[in-house]
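Subject: Structure handover

Hi,

Here is the structure I said I would pass along. Have a look at it first, and then read on for what turned up.

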Amino acid sequence: MQMGDSLLMFVATLLVWIMTPGIALFYGGMVRSKNVLSTAMYSLSSIAIISVLWIIAGYSLAFSTTGNAFIGGLDWIGLQGVTFEPNPDYSATIPHSLYMMFQLTFAVLTCAIISGAFAERMRFSAFVLFSVLWTFLVYAPVAHWVWGVGGWLRELGALDFAGGNVVHISSGVAGLVLAVVIGTRKSKNSVSPHNLPLTLLGGMLIWFGWFGFNVGSALTLNDVAMTAFINTNTAAATGIIGWILVEWLINKKPTMLGAISGAIAGLVAITPACGFVTPAASIVIGLIGGAVCFWGVFFLKEKLGYDDALDAFGLHGIGGTWGGIATGLFATTSVNTAGADGLFYGNAVLLLKQLIAIGTTYVFVGAATFILIKAVSFIVSIRASEEEESMGLDLTLHGEKAYQESNL
């Protein structure tokens, strides 16, 4: 065990943890004032729910080495056997319990991201039940496929440095399915963000926490970790530029909401690639990430008519998909010998593996999410009533108001 690596991972875990409160503020500022608390509650409850589920069985199902290619075993239920001693299957230099906590923050964040798709209209009780089922039956298997010892995508050689498939494509696709099943808001055409400074604050907290997300995934402070650090910041910056350029060209005005959304888009896009590509490649990945996510938010959503309220799919699903493809294009072993060369370095096979990983994640997460939300609908009502939606979920479902001023 190395004290330096342990300290790095302890700080990285705290940074990723702060991303979920960041999501609460980011999402909360974008909804109407009558729904800001109910929207933030999805993120807060994700911390509570997933923190417990991960201890009970989530971590074991995702990372136990006694399972099969599709799901982990049950030998680490209740964290039995997960101690301060390192587990060399994942890291020989940090405590196993610390690695478990680092992965817990990823699971929490993923569940919180999903909530952006159905903000202002899903019942809290339905969200709680769905979150329990989805964490065990969807998140844990996908995490095992990609990162768990023996996971089939890991064995295939598909690359996902910090969660492009596991966190972003999974949350984006799940959000899209839920948005379609639950249906559109009654007055979605008249919805405008009630507090953009709150959204900016949340977005900057997410950006800050993302350094732990990506750098921590190296599990040590080495050349790969520093490259991930540089790439993360660079892609966020060029994500802003990519989004703003398209927005300025089409809508004639660059907006603050567009800028912070572009940063998130760039961060999502670089996540699977950050430890495998050069800083020069991260410029391109972030720039295209911002542009394609703008397209997803303002054109694809309008064309298909689904109500992805806060763009969980538009930012995370589309951004994560581009990031996975970009990894297959730009990855190079000159950055990370544990990775592989991509198409632009003479290896088309990696791109094929990335497409297989992306495609299977879409199919599995989409189908499983649809089945789970339908099952939940037989137990509790998943959609707020028209009256509740009109009055706002803060008051009708939680009995409180964020603001007392009548003009907000």
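A quick definition before the overview: helices here are DSSP runs of type H or I with at least four residues, strands are E runs of at least two, and both are numbered from the N terminus. On that basis, the order of elements starting at the N terminus is α-α-α-α-α-α-α-α-α-α-α-α-α-α. That makes 14 helices and 0 strands in the chain. Keep in mind that this is a predicted model.

**The whole chain**

For 408 residues, a compact globule would have a radius of gyration near 22 Å, and the chain agrees with that at 20 Å. Along the principal axes, the C-alpha atoms fill a box of roughly 55 × 50 × 35 Å. Buried residues make up 58% of the 408. If you look at contacts between residues at least 6 apart in sequence, 76% of them join residues at least 24 apart. The accessible surface is about 15,200 Å², and carbon and sulfur atoms account for 69% of that.

**Helix H10**

H10 covers residues 279-304, which is 26 residues. How far apart should its ends be? At 1.5 Å a residue the helix should span 38 Å, and its end C-alpha atoms are 35 Å apart, so the two agree. The helix isn't straight, though: H10 bends by about 35° at Gly296. Gly296 is also one of the buried residues of H10, a list that includes Ala281, Ser282, Ile285, Gly286, Gly289 and Gly290, and further along Cys293, Phe294, Val297, Leu300 and Lys301. What covers them? Helix H8 (223-251), helix H9 (256-270) and helix H11 (312-330) are among the elements that do so. Just after H10 comes Gly305, with a positive phi of about 80°.

**Ser91**

The other spot to zoom in on is Ser91, which sits in the loop between helix H2 (36-63) and helix H3 (96-114). Is Ser91 buried or exposed? Its relative accessible area is 8%, and the cut-off for buried is under 20%, so Ser91 counts as buried. A polar atom of the Ser91 side chain lies 3.3 Å from the backbone nitrogen of Thr93. Leaving aside residues up to four places away in sequence, Ser91 touches Pro86 and Leu219.

Over to you!

Cheers

Note on methods
Residues numbered from 1 in each chain as written. Predicted model: local features only at pLDDT ≥ 70, side-chain atom pairs only at ≥ 80, totals over all residues. Heavy atoms only, no water. Buried < 20%, exposed > 50% of the residue type's maximum accessible area, 1.4 Å probe, protein only. Polar contact = N/O pair within 3.5 Å; in protein donor to acceptor, adjacent residues only side chain to side chain. Contact = heavy atoms within 4.5 Å. Expected span 1.5 Å × (residues − 1). Bend = angle between axes of the 7 residues up to and from the residue. Rg over C-alpha atoms; globule rule 2.2 N^0.38 Å. Areas by Shrake-Rupley, 256 points an atom, 1.4 Å probe, with all protein chains shown as cover.
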